[in-house]
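Visitor: I would like to go through this model with you and ask, at each step, what a term rests on. Please show it to me before we begin.

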Amino acid sequence: MILIVNLCNERLHYFEFVKPIEDILDREGRGFFTKSYREVVKEDLEKAKRVIICGTSLEDDSFLDDLKKFSWIADNGFNKPLLGICGGFQVIGLVFGGVLGKKTEVGFFKEKFLKNFLGLEREQEVYHLHNNFIKFSKDFERFTESGMAQAVKHRSKEIYGVLFHPEVRQKNLILEFARL
Amino acid sequence: MKLAVLFSGGKDSTFAALLAKKEGYEISCLVSLVSENKESYMFHTPSIEKVKNQAEVMGVPLILQKTMGEKEIELKDLKAALLEAKKEFGIEGVVTGAVESVYQASRVQKICQELGLTSFNPLWQKDQFELLEELIKEDFEVIVVGVFAYPFEKEFLGRKIDKKFIEEMKLMEKKYKINPAGEGGEFESFVLNCPLFKKGLEIEGHEDFGEGHSWRREIRIK
């Protein structure tokens, strides 16, 4: 069972940022349950085998003022695979002491993967929709060539993050994560 | 939150409007661009003047903006129309019916950001057949008003989106790689009735224009 964490402040954004992830998992017969980040409790984290934190819209960054709700990520008791997408990527970076920077990118961009990242290799056309980026702490390894971190993994935990939206052109990345 | 719907009169933007309403948002106005370029990159063109009839039965004000339909000029026209919607109706966000088109969605995102508006794409990445089936489930009455790709021919104009249509689309997707929701520009649709309408629209007559595998139907509403 995969816990999908919804960051969206607006109800209508669920269809754009959460449902596409649910659909990818559903088509492969992967079980999931979805909760708002404000409502995630210990029992949810115990029940879930993996966790995905979805992105949200350009204008919605209320979750950044609510980082205490994500303290479970860095908790020593939490040792399940975690994938953060866009907003979720930013949350992971900040929880582990990264620094937030401002950079707006919208649309397709080419990113070169230096080594395999959840099935992605070489050059990929990825969909960006963000106002922020993260300068990650040394706890994380970067997998892409560009100056800004695009795909990262924690050096000792199964914690992954992507700044881009894999649900648009790299759906298989989500399934690779679901198979870990 | 008050929203404008970027409205073509076709199935996607109308269904997106329905989702917004169901989620409790107020649809303050519809914004439609009438492109003089019939091959517009951004906007669905056939029968778009008929959105006036749709807006009337929805009881929602309509901003109709003419555009030359040239690649970047039409974006300026869209921005002007959304600015008018913001000033006149106090909208805070814009709903689109984008499903797969990154070209369309990313340009609307950028314009919204420049205007301080929130962009909503509730059909984003939605399974194409699921979308067609939900239209039927929600009692949408939708017809085809344009076809723009092989193997479609003139005979396809006026077809209703029903279970038989979906079955044919499934076969066409396999055989010809046709996008079953038509967002790739293979066909364009027009909504005659749906839960947002106070009453259905009736067609009085039509004229068809085109040749080969590229046809459009201009309908007249009673």
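Visitor: In which strand of chain A is Glu141(A) found?

Guide: The model is a predicted one, and in it Glu141(A) belongs to strand E7 of chain A, which covers residues 140-142.

Visitor: What makes Glu141(A) buried, exposed or partly exposed?

Guide: The count of other C-beta atoms within 10 Å of its own decides: 20 or more would make a residue buried, and 12 or fewer would make it exposed. Glu141(A) has 14 such atoms, so it is called partly exposed.

Visitor: Which residues is Glu141(A) in contact with, leaving aside its neighbours within four places in sequence?

Guide: With those neighbours set aside, Glu141(A) is in contact with Val152(A), Lys153(A) and Arg155(A); contact here requires C-beta atoms that lie within 7 Å. As for Ala151(A), 10 residues away from Glu141(A) in sequence, the C-alpha to C-alpha distance between the two is 8.5 Å.

Visitor: Why is chain A called as compact as a globular protein of that length?

Guide: Chain A contains 6 helices and 9 strands. Its radius of gyration is 15 Å, and the globule rule gives 16 Å for 180 residues; the two values are close, so chain A is described as being as compact as a globular protein of that length. Along the principal axes, its C-alpha atoms fill a box of roughly 40 × 35 × 35 Å, and 44% of its 180 residues count as buried. Of the contacts in chain A between residues at least 6 apart in sequence, 72% join residues at least 24 apart.

Visitor: What does each chain give to the contact between chain B and chain A?

Guide: Each side is listed separately: 18 residues come from chain B and 18 residues from chain A. On the side of chain B, the elements that give two or more residues are H1, helix H4 (102-115) and strand E5 (118-120), and H4(B) has the largest share, with 5 residues. Sorted by class, that side of chain B has 7 nonpolar, 8 polar and 3 charged residues.

Visitor: How is chain B divided into domains, and how many residues of domain 1 are in contact with domain 2?

Guide: Domain 1 of chain B spans 2-120 and domain 2 spans 130-221, with 20 Å between their centres, taken over C-alpha atoms. In the contact, 21 residues of domain 1 of chain B meet 26 residues of domain 2 of chain B. Helix H1 (11-22) and helix H2 (51-58) of chain B each give two or more residues to the domain 1 side, where H1(B) gives the most, with 7 residues.

Visitor: What makes E7 and E8 of chain B edge strands?

Guide: The open sheet has 4 strands in the order E7-E6-E9-E8 (chain B), with antiparallel pairing. Strand E7 (187-193) and E8 of chain B each pair on one side only, and they are the edge strands on that account. From one strand to the next, the twist averages 30°.

Visitor: How do you know that E6(B) and E9(B) pair?

Guide: Pairing calls for at least two bridges between the strands; strand E6 (residues 141-147) of chain B and E9(B) have 2 bridges, in the antiparallel sense, so the pair meets the requirement. Val147(B) stands opposite Trp215(B) in E9(B). Strands E8 (residues 203-211) and E9 (residues 214-221) of chain B are joined by 8 bridges and run antiparallel, and Ile203(B) has Ile221(B) as its bridge partner in E9(B). E8(B) and E9(B) form a hairpin with 2 residues between them, and Gly212(B) in the turn has a positive phi of about 55°.

Terms used: Residues are numbered from 1 along each chain as its sequence is written. Chains are lettered from A and ligands numbered from 1 in the order in which they are written. This is a predicted model: local features need pLDDT of at least 70, side-chain atom pairs count only at pLDDT 80 or more; totals for chains, interfaces and linings use all residues. Domain bounds come from an automatic or database domain assignment. Two residues are in contact if their C-beta atoms, placed from the backbone, lie within 7 Å. The radius of gyration is taken over C-alpha atoms; the globule rule is 2.2 Å times the number of residues to the power 0.38. Ala, Val, Leu, Ile, Met, Phe, Trp, Tyr, Cys and Pro count as nonpolar, Asp, Glu, Lys and Arg as charged, and the others, Gly among them, as polar. Axes are lines fitted to C-alpha atoms, for helices over the stretch in contact, and angles run from 0 to 180 degrees between N-to-C directions.
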